[in-house]
Amino acid sequence: MCLGDDPTCAAFAEHRLRYRRDMEPERRAFLKSSFVATGGAAALAAGGLSLVSPALAQSSARRLKQTAHYHLPAHAETIHWGYFSKTLKPQVEIESGDFVTIETLTHHANDDAERMVTGDPGAESVFLWTKEKKGVARRGAGPEDSKLGPGGGLGVHICTGPVAIRGAEPGDVLEVRILDVEPRPSANPKFKGRTFGSNAAAWWGYHYNDMLGAKKREVLTIYEVDATGERDWAKAVYSFPWPGVTDPDGREHPTIDYPGLPVDHTKTKRSFDVLKGIRVPIRPHFGTMGLAPSEAEMVNSIPPSYTGGNIDNWRIGKGATMYYPVAVPGALFSVGDPHASQGDSELCGTAIECSLTGTFQFILHKKADLAGTSLEALDFPMIETADDWVLSGFSYPNYLKDLGPDAQNAIFQKSSLDLAMRDAFRKMRQFLMQAKGLTEDEAISLMSVAVDFGITQVVDGNWGVHAIVKKAIFSERAV
């Protein structure tokens with residue numbers, strides 16, 4: 001009998017959900033305890049250091065009701081493809097403190113549909129595309145009448161959600177704890193026990209205009225991941241040059257210019273002799289995760305901004321906590337762009353794009369309670385792990401506001417690492433002064449001797465530089 005471990009079972013999704021529910025009582029009892037709900041677990045992991053002070057935790061905990069655990073599957077009716085929007089109807093509405101297990105699909109699954117789509121009802125409903133029907137018509141924030149199809153591919157990520165948090169209002173801060181991340185097993189019985197992902201060295205990659213030889217090319221590499229989680233590395237299966245695709249509507253795609261294009265492998269030249277003997281450490285995380293911005297009704301999912309989105313930082317995985325400024329009522333949280341692994345910079349254009357399922361807890365911190373806390377001036381997405389605080393700097397902190405009416409086009413021409421570094425510096429200076437009580441001179445010295453600045457990504461329109469400071473530095477400081 002299937003216990004939620006056999007993707008070939010006709011009732012696999014139901015059995016898997018039932019199995020999780022059966023196994024969760026003790027785990028949920030712990031997660032719902034006041035110790036965890038008030039930030040005790042994060043503080044313990046950090047040796048007593050967390051962005052959420054005990055006083056703020058208690059204020060937020062007073063609003064918590066009996067917590068519930070929801071499950072949000074990924075299928076054509078629960079996802080939005082390529083955009084964030086403050087006008088989207090929530091897929092689920094929750095209270096602060098609630099848990100949601102959310103399935104996410106990679107938008108690159110059709111690079112190898114046999115391994116990543118076939119037999120999976122949710123993925124099949126999303127990627128359905130024939131002459132007669134398209135499972136998800138709008139793909140991107142562009143116009144309905146785009147020659148490439150509704151949305152025009154101005155945004156590519158399959159985002160599950162949104163999740164609305166009752167009582168969330170602009171000026172609040174939403175804390176999102178990533179409690180678990182699991183790979184989505186291949187549902188094709190030929191590949192039982194395995195998960196697959198795709199890496200596209202594509203035209204938007206940093207490398208593309210600096211290739212050896214005269215011929216530019218897009219090359220995709222398919223990776224295999226152990227779906228059981230026992231193996232902590234991925235291996236390459238094969239690679240192939242982009243063959244050019246004629247989509248079911250008859251449009252030609254000589255490059256990867258529209259999300260979800262079905263690759264016909266009878267027309268590809270696959271090389272199975274690729275990256276032999278190399279183990280790629282996996283660090284599953286969500287490349288795109290955040291809240292709806294307020295500045296526009298429909299926002300391209302590619303450039304990250306002040307409410308999060310496509311940050312593409314591999315540290316946004318299991319055990320991490322994200323803090324987001326709320327911009328619209330309900331916050332409207334969505335998550336997608338799941339990755340099995342990625343290096344800082346995401347240089348060639350993508351990570352190992354691999355479908356994942358995450359379990360999250362949402363804690364709402366009201367604006368009235370933030371005065372005098374580390375979160376009082378938070379106007380950007382911030383990462384907290386057991387050991388580090390990670391600040392996200394962008395070329396333009398809020399490009400939708402900074403670049404005016406044409407922002408969603410202009411951002412792709414105006415980004416630079418100089419600007420992103422400047423933003424990361426300013427945010428870290430603000431954090432060290434406001435949250436840690438340092439003078440500007442102290443902050444500048446500490447940044448030079450103890451803060452690591454790294455390139456988050458150079459492929460998402462709004463380029464990113466992150467700044468990492470170790471919590472242990474402050475272990476003997478009262479503030």
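## Exercises on a predicted model

At 17% relative accessibility, Ser-415 is buried (under 20% relative accessible area, with exposed over 50% and partly exposed in between, using a 1.4 Å probe and protein chains only). The model is predicted, so local features need pLDDT of at least 70 and side-chain atom pairs pLDDT 80 or more, while totals for chains, interfaces and linings use all residues. Residues are numbered from 1 along each chain as its sequence is written, and side-chain values use heavy atoms, with hydrogens and water left out.

**Exercise 1.** Place Ser-415 and list what it touches.

*Solution.* Start with the chain: Ser-415 sits in the loop between helix H9 (407-414) and helix H10 (417-434). Helices here are DSSP runs of H or I with at least four residues, strands are runs of E with at least two, and both are numbered from the N terminus. Next, look for polar partners: a polar side-chain atom of Ser-415 lies 3.3 Å from the backbone oxygen of Ile-411. Finally, leaving out residues up to four places away in sequence, Ser-415 touches Ser-395, Gly-461, Asn-462 and Trp-463; contact means heavy atoms within 4.5 Å.

**Exercise 2.** Trace the open sheet and find its edges.

*Solution.* Nine strands line up as S1-S5-S20-S7-S17-S21-S22-S24-S23, with mixed pairing. Two strands pair if DSSP finds at least two bridges between them. At the edges you'll find strand S1 (69-72) and strand S23 (452-457), each pairing on one side only. From one strand to the next, the twist averages 25 degrees. Now add the helix: H10 packs on the sheet, touching strand S21 (382-384), strand S22 (388-394), S23 and strand S24 (464-470). The direction of H10 makes about 140 degrees with that of S22; axes are lines fitted to C-alpha atoms, for helices over the stretch in contact, and angles run from 0 to 180 degrees between N-to-C directions.

**Exercise 3.** Work out the neighbours of strand S7 (residues 173-183) and the bridge partners of Leu-174.

*Solution.* First check burial: nine of the 11 residues in S7 are buried. On to the pairing: S7 runs antiparallel to strand S17 (residues 321-325), joined by five bridges, and antiparallel to strand S20 (residues 356-365) over 10 bridges. Then zoom in on Leu-174, whose bridge partner in S17 is Tyr-324. In S20, Leu-364 stands opposite Leu-174.

Note on methods:
A polar contact is a pair of N or O atoms within 3.5 Å; within protein, one must be able to donate a hydrogen and the other to accept it, and residues adjacent in sequence count only if both atoms are side-chain atoms.
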